[in-house]
Amino acid sequence: MKPGIENIDLNLLLVFKHVFDCRSVSKAADRLGRSQSMVSYDLAKLRRHFGDPLFTKTTTGVQPTKLACELAGPIADAFGILEHRVIGRERFDPATSSRTFTLQMSDIAELNFLPKLIKAFSVEAPGVRIKTVEIDRAEAESALMAGAVDLLVGYFPNLKAAGVYQQRLFEHRYTCIVRRGHPRIGAALDLASLGSEWHVVVKPEGRSVDVVDDALKQRGLARPALIVTPHYMAVPFIVGSSDLISIVPVSMAEAFEQGTGDIRRVELPFPSPRYAIRQHWHERSHDDPGCRWLRETIARLFTGD
């Protein structure tokens, strides 16, 4: 006889959900208010029930197995239904809520979104909190489906899974930044200089599409990369203290220019490639009143920026 739901304690599935979300037995134990040994004991029960290790130890925590990844979405859906439709948390009042929303954002998305969100929340939802996390882009889809994050905000061209909604917010374009007093680049930048100067190139981990490289390739160019980094935040310090240049989103260039007197912008010698910034969410949170309020707030603040 196949094991039925009556043969498993639903509290064990709650343990599974927290371990999956935290990628750590000790952190899951803290969330649950239980000892680490008790959580490990419950995991042992789950492993016997499913006939699978479910989680394997790593140097930083635990890594879910293939079966655990397959189970995570349905288990998160089940608890979402219990929380929002059965227990009665379907009402959401931003003025009185103390809910914390978890968003996956890149550093550039944080720069664009968080200041406006904080200002809006201080007026409309003073008790609501935002937690941003950095998840490998290859795992972003599974994190969204498992409920580890409420919303992905940014540029995710490879995210096309069934059950994932998306809304276009605005477009980004690019420009070039150089240090003031660069010995070879004046007020304008030509194609020859763009192809001969050393670049700081930002390559976010897990992104397979790069509109800048595609635009340069169409013109027979490639960026000579002296430094490649997954993050933007080190770029102004590198460019401002060297003769390296970097192609970055305009909003990031504006922030760099305001933040330091060592950086200036130079427009690209061809029409800038553009890419759309979107917010993405899973169908499991589509009807959640709190998540819906968050999405509507973001759309109101940023659509058309």
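**A buried threonine and two helices in a predicted model**

In this predicted model, T229 has a relative accessible area of 15%, and because a residue counts as buried when this value is under 20%, T229 is classed as buried. The residue belongs to strand β8, which covers residues 225-229. When the neighbours within four places in sequence are left aside, T229 is in contact with V200, V201, V202 and K203, and also with V235.

The chain in which this strand lies has 305 residues, of which 47% count as buried, and its secondary structure consists of eleven helices and eleven strands. Taken along the principal axes, the C-alpha atoms fill a box of roughly 75 × 40 × 35 Å. The contacts between residues at least 6 apart in sequence were also examined, and 77% of them join residues that are at least 24 apart. The chain exposes about 15,700 Å², with carbon and sulfur atoms supplying 53% of this area. As for charge, there are 39 positive and 36 negative side chains, and the centres of these two sets lie 0 Å apart.

Helix α3, formed by residues 36-50, allows a simple check of helix geometry, because at 1.5 Å a residue its 15 residues should span 21 Å, and the C-alpha atoms at its ends are indeed 21 Å apart, in agreement with the expected value. Within α3, the residues V39, D42, L43 and L46 are buried. These four residues are placed on the same side of α3, because they cover an arc of only 105 degrees around the axis. On the other side of the helix, S37 and R48 are exposed. The cover over the buried residues of α3 includes two helices, α1 (10-22) and α2 (25-32), together with strand β1 (55-57). After α3 comes G51, a residue whose phi is positive, near 65 degrees.

Another helix, α10, is made up of residues 250-259, and its buried residues are V250, S251, M252, A253 and F256. Both helices and strands are among the elements that cover these buried residues, including the helices α5 (107-124) and α9 (235-240) as well as the strands β6 (164-179), β9 (246-249) and β10 (263-266). Residue V235, which was listed above as a contact of T229, bears the number at which helix α9 begins.

Definitions and conventions: Residues numbered from 1 in each chain as written. Predicted model: local features only at pLDDT ≥ 70, side-chain atom pairs only at ≥ 80, totals over all residues. Heavy atoms only, no water. Expected span 1.5 Å × (residues − 1). Buried < 20%, exposed > 50% of the residue type's maximum accessible area, 1.4 Å probe, protein only. Arc of directions from axis to C-beta. Contact = heavy atoms within 4.5 Å. Areas by Shrake-Rupley, 256 points an atom, 1.4 Å probe, with all protein chains shown as cover. Lys, Arg positive; Asp, Glu negative; His and termini not counted. Charge placed at Lys NZ, Arg CZ, Asp CG, Glu CD.
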